[in-house]
Amino acid sequence: MLRDLKSGLALLILLVVASAGQAQSVIYSETFDAPLPAGWSVDGPVGTPGVQWAADATPATTSGMYGCGLADVALVGTVFAGAGCLNWNDGVAIAYGAATGTPFESSVTSPVISLTTLTGVTLSFTEMYEMDSCNDETAFHNRFVDFIDASTGSVVMTRQFANVDTAPASADTIAEGAGMHDHYIITFFLDLLPEFAAITAIDLQVRFRVQITGYLGDVGGLGIDAEEELTGWFIDNLTVTCPAADLAAPTVPTQLAPVGGPTVVSPVAFDWTDATDTGPCGPAAVTYVVEIDNLGTIPSPDLTLTPTPSSVTQALVPGAYSWRVRARDSAGNLSAFTAAELFTVEANLAPLAPDTLFVNTQNNGAQNGDGGFVSPVIDEQPVFSAIFRDANVAPDFAGQVRFQVSEDPTFTLIDYDSGTILLGAPLPDDARCPDLQILISLQRDTVYYWRCQFIDVGGLTGPFSGAQSFRIGDDFEFGVRRGSSHRSRHGCWVATAAWGSADAEPVRALQAWRAGTMERSGVGQAFSRTYHVAGQGASSAAAGSATVRGLTGLLGAAAGTTGGLGMLAALGLLAVLGAVRAFRA
């Protein structure tokens, strides 16, 4: 009989007040005063229909309710108190009816809350709702809270919240009362719930779930279609408490950085291992106390931080410092401090001018680039790279880069300015940046200059590098015949025109000889360029010429044995012959 009475009281809508002198410890607490906290998850992107869960610091203070096809009723009240809450839909009506005809569910799920015992454990949260629910509805806007066994993914228990005008359908329904905009504190005594009777320990997750079923049709025979609407459901201050006092201190964390007296730049990243705390009902939440002193004489901290994660970043002025950290659980128990670690903050200096500038084709990459004006770049959109240098003793990183390209070595006129480019990952000192791609096409047979500068992760901009010159190759170096998309750096204009195809055997022999022999010397390269210019004009006169075919055939056959000077002279005669024929034509 007593057990039945306790079961009937297991689910209450009340404010739980600990009796005088009763010790309590908090196992888990979330106030939702910031964007969706770590560990919480929604069942889809926030903002899509049916998935409107978001932590909101400014919930609406007024709302409207559809009046079941009769009228709109304005409801004004305080939606929620406090700095923020977890809300569904933020008080803006979502009506799923004739226009959509699509029922949906949306939910948000807590992280895992580990409980080593359920004896005396309570779970409570505050909720408030705004919704339309008509007396003659056959389907309701359903709101649920599910308790999930995280180790199996199975739902241990579900409770449904009654609508404003609906009496509880069963013991599984929470009757809130008739007041929308009223705040209800929902408390579950876990060890008194029948679904948890056989459970002694659990990794628990709490899921809040909304369900809308769709279009209602004509309400009351008035000829007016009605739709279900849900304007908001607000959840706040989820807390899991244990009746026994937590008297055990957390473990002592271990410092990770900065340690060993390094020199660092501001802001300084402090990092340490996670501490653990085992309370009487399960692992308890842990925060940390970080003390930083600029005299190296702790205890007398100049700065005390209380972060929740096991790391924190803090801006500090240059100087010598020491730091230490300790853990604190939700009951206020403190671990011992770690030993003080020394470090020095130096002034954050801007990057130096980059050096070792490389330029190259896209295919070959700037990582294997040209360190100066050595050879033409056979790419109208080359890539660039340089090495990041920094003046700080402490390791520093580049976060952004900017480069410019100009025909003017003074950069008074600039052909291309990349603007600030965010690097994919911070670039360490003395490292080469990834390839930088120019987004315009440069002119062939033109000398250009390029330079770059880096911006470090602290936002300081370094000077531009010295300019590196490079030349974009001309048509001959790109190997493009007029009127053709065929690319060969060693094409023979006259022979190709005479034989009618670049695949003719004499043409291929001459091409191979030019690539393998002629262009291996400076004299040969100069003659090849002269022939390239003269041969373009002569090619039309040589088209189909039996005489030229005969001469080029002999030259092709002799290409493997004839000396370099003889071949140069022969090719020169071909260019002259073509030019003369072109003039006569």
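I will go through the largest pocket, one exposed loop residue and the pairing of a strand in this model, which is a predicted one.

Let me start with the pocket, since strand β2 will come back afterwards. The largest pocket holds about 540 Å³ of space, and of the 16 residues that line it, Tyr28, Ser29, Ala285, Val286 and Thr308 are the closest to its centre. If we ask which strands each supply at least two residues of that lining, they are β2, β10, at residues 113–115, and β24, at residues 286–293. Among the contributors, β2 gives the most, with four residues. As for the character of the lining, its residues divide into 10 nonpolar, five polar and one charged.

Moving on from β2, which covers residues 25–30, we come to the loop between that strand and β3, at residues 41–42, and this loop is where Ala38 has its place. Is Ala38 buried or exposed? Its relative accessibility is 75%, and because exposed means over 50%, Ala38 counts as exposed. Please also note that Ala38 and Pro111, although 73 residues apart in sequence, are 7.9 Å apart in space, taken from C-alpha to C-alpha.

Finally, I would like to turn to strand β28, residues 341–346, and its pairings. With β20, residues 263–265, strand β28 pairs in the parallel sense over three bridges, and there Thr263 stands opposite Thr344 of β28. With β27, residues 319–329, strand β28 runs antiparallel, and five bridges join the two; in this case Ser322 stands opposite Leu342 of β28.

Notes: Residues numbered from 1 in each chain as written. Predicted model: local features only at pLDDT ≥ 70, side-chain atom pairs only at ≥ 80, totals over all residues. Heavy atoms only, no water. Buried < 20%, exposed > 50% of the residue type's maximum accessible area, 1.4 Å probe, protein only. 1 Å grid on protein atoms, 1.4 Å probe; cavity = no way out; pocket = protein on both sides within 12 Å on 5 of 7 lines; lining within 4 Å. Points joined across faces, edges and corners; volume = space filled by probe spheres on them. Nonpolar A, V, L, I, M, F, W, Y, C, P; charged D, E, K, R; others polar. Pairing = 2+ DSSP bridges.
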